[in-house]
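Let's go through this model together, one question at a time. Please have the view open as you read.

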Amino acid sequence: MMMPANFSAVNAEVVYGGAVADYLPDAWTAKNVKQFSTNIITLVSNSFFQGLVNATLGTMFGGNWGDDGVKLFGDEGTLKTWLYSDDMNFGNKVMRTLGAASVVYTLGTSDAKIFTVKNAADFTVA
């Protein structure tokens, strides 16, 4: 007599009272969702990181920051001009703000990597 292909699963369900899901691996757990979310935030953060650092730390340590030079805050400040250029619509401004927030979140929750020799060779001072 031929048994159906899924007989063992049905047999386990009926005879042993177990669910088929007990025999299958967890496909998507809370741990997976957390890892996925962390990876997305990290990827977004990586794409926004250099621009935010240039607009903030680059301005502060660039040698011409202050009243007679480049400003960090204000209408013509480097932070505002990086975040919200004049030709951006509202949706783009919201997404840029979320990108900047992801950089701040990532810097607050992970270790900053030290420049390696390879990365230091690519670094240029303006």
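A polar contact here is a pair of N or O atoms within 3.5 Å; within protein, one must be able to donate a hydrogen and the other to accept it, and residues adjacent in sequence count only if both atoms are side-chain atoms. The model is predicted, so local features need pLDDT (the predictor's confidence in each residue, from 0 to 100) of at least 70 and side-chain atom pairs count only at pLDDT 80 or more, while totals for chains, interfaces and linings use all residues. Residues are numbered from 1 along each chain as its sequence is written, and side-chain values use heavy atoms, without hydrogens or water.

Q: In which helix of the protein chain is confidence lowest?
A: Across the protein chain the mean pLDDT is 74, with 68% of residues at 70 or more. Confidence peaks in α5, at a mean of 87. Where pLDDT is low, the predicted coordinates should not be read in detail. That caution is worth keeping in mind for residues 117-122, where the mean is 49: helix α6.

Q: What pattern does the protein chain follow along the sequence?
A: Helices (H or I, at least four residues) and strands (E, at least two) are DSSP runs, numbered from the N terminus. The chain has six helices and zero strands. Its pattern is therefore written with one letter throughout: α-α-α-α-α-α.

Q: How far does α5 reach from its first C-alpha to its last?
A: Helix α5 runs over residues 90-109, which is 20 residues. The expected span is 1.5 Å times one less than the number of residues, giving 28 Å for α5. The model comes close to that, at 29 Å.

Q: Which residues of α5 are exposed?
A: Buried means under 20% relative accessible area, exposed over 50%, and partly exposed in between (1.4 Å probe, protein chains only). G99, A100, S102, V103 and T106 are the buried residues of α5. They share one side of α5 because they cover an arc (of the directions from the helix axis to the C-beta atoms) of only 150 degrees. On the other side, the exposed ones are F90, L98, V104, G108 and T109.

Q: Which residues does S45 touch, beyond four places away in sequence?
A: The cover over the buried residues of α5 includes α2 (30-55) and α4 (78-83). S45 is found in α2 and is buried, with a relative accessible area of 3%. Counting contact as heavy atoms within 4.5 Å, S45 touches S102, V103 and T106.

Q: Which elements give two or more residues to the largest nonpolar core?
A: A nonpolar core is a set of buried Ala, Val, Leu, Ile, Met, Phe, Trp, Tyr and Cys residues joined through side-chain atoms within 4.5 Å. The largest has nine: F48, L52, A55, L72, L79, W82, L83, A100 and V103. The elements giving two or more are α2, α4 and α5.

Q: At what distance does the side chain of T78 reach the backbone oxygen of A55?
A: T78 is found in α4 and is buried, with a relative accessible area of 17%. Leaving out residues up to four places away, T78 touches A55, T59, V70, K71 and L72. Its side chain reaches the backbone oxygen of A55 at 2.6 Å.

Q: Is T81 buried, exposed or partly exposed?
A: T81 lies in α4, and the backbone oxygen of T78 is 3.2 Å from a polar atom of the T81 side chain. T81 touches D75 and E76, not counting residues up to four places away in sequence. With a relative accessible area of 38%, T81 is partly exposed.
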